[in-house]
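Me: Pick one residue on the inside of this model and take a close look at it. Then work outwards and tell me, in one go, what it sits among.

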Amino acid sequence: MNTNIYKTYLDKASLDHKLLFNGSIKTLGYILKTNKEYFSKKPYQLLGINPSTKIEKGKKINVNTAILYLAPDTTVTNKTICPNASRNGCSKDCLATSGRLGMINGQLAQIRRTLYYLYHNEAFMIQLQNEIDKYHKKYGDSLAVRLNGTSDLNWSTLIAKNPGIQFYDYSKLRNMIVKNKNKNHHYTFSGSMYSDYSRKELTKAVDAGLNIALAFNTKGTKKDTLRIPKKLFNKKLIDFDITDVRFKDKKGSIGYLKRKGSNVNERLIDNKKVNNFFITESNIKELI
Ligand code: SF4
């Protein structure tokens, strides 16, 4: 136990900040105090290897993905770690709250990693590099690293120091993608129909020929009414759920993702919304 780590959080973190934790709203201060021993330790590990069923599918094509899951957007701080989340309307349905990540242990781990990133950044970056080195030694060229599993941060300095390793990410920051100079970092732009801003960004991304992911408001069950078209923007839509290995997609690929972590009633309600992170029955007409 390292009481200095814990003390830094008490000194620097926004203790009054409220978040949904284990099913109810709590302050960050309460979560820290009731889990003092846990937050007195540095994160056990920052990167998870092939941690979800979808990501694990990469193994079939000899890709092992190391992924970093932080607590997204403004979960633990007023200063977001996803600068475009509010203009894309994605925070509410963020992957961070689904599956294992949404369970209490997953939540605690995300919060601890994020606090460590924010308030012990130097130690965080050293640990991150050590873990990347460890996995590169273990997996060799089959390793791919996705640092923005549930964040949208700029990791270009670290990635530039690792030219022999493949990194990839989805991002809602079109400018960050366009300015990326690291050849070993592949980006897929994540489109949204939430606001005028996000619609314009999507149009610019299409015009620039970026690789684009679009999340559709369906799980493809019998009760889902939204149908995913075969083509959009004059391009055949690719199934991006088959694997997460985006860096092997052809340049300019546009693909679809089915909605995760929802029930059919939520999806039917959201199908009536024009302004939504997802492609819905009400906004799809704008794209066809
Ligand atoms: S930008 Fe990505 S990680 Fe951040 S809240 Fe939106 S979907 Fe989640």
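Reply: Let's start from Leu115, which touches Tyr9, Ala13 and Val76, leaving aside residues up to four places away in sequence. Contact here is when two C-beta atoms, placed from the backbone, lie within 7 Å. Bear in mind that the model is predicted: local features need pLDDT of at least 70 and side-chain atom pairs count only at pLDDT 80 or more, while totals for chains, interfaces and linings use all residues. Numbering runs from 1 along each chain as its sequence is written.

Now step back to the core. Leu115 is one of four residues, with Leu68, Val145 and Ile279, that touch the most other members of the largest nonpolar core, which has 59 residues. Such a core is a set of buried Ala, Val, Leu, Ile, Met, Phe, Trp, Tyr and Cys residues joined through C-beta atoms within 7 Å. Buried means 20 or more other C-beta atoms within 10 Å of a residue's own (12 or fewer is exposed, in between is partly exposed), again with C-beta atoms placed from the backbone. Helix H6 (residues 104–119) gives this core its largest share, 5 residues. Helices (H or I, at least four residues) and strands (E, at least two) are DSSP runs, numbered from the N terminus. The core also takes at least three residues from each of domain 1 (1–149) and domain 2 (164–288), with bounds from an automatic or database domain assignment.

That brings us to how the two domains meet. Their C-alpha centres lie 24 Å apart, and 26 residues of domain 1 are in contact with 23 of domain 2. On the domain 1 side, H4 (53–56), H5 (85–88), H7 (121–139) and S5 (143–146) each supply at least two residues. S5 gives the most, with 4 residues. That side divides into 11 nonpolar, 10 polar and 5 charged residues; Ala, Val, Leu, Ile, Met, Phe, Trp, Tyr, Cys and Pro count as nonpolar, Asp, Glu, Lys and Arg as charged, and the others, Gly among them, as polar.

S5 also belongs to an open, mixed sheet of 8 strands, ordered S3-S4-S5-S6-S7-S8-S12-S11. Strands pair if DSSP finds at least two bridges between them. S3 (47–49) and S11 (238–239) are the edges with a single partner strand each, so one side of each has no neighbour in the sheet. Further in, S8 (residues 212–216) runs parallel to S12 (residues 254–258), joined by 5 bridges, with Phe216 partnering Lys258.
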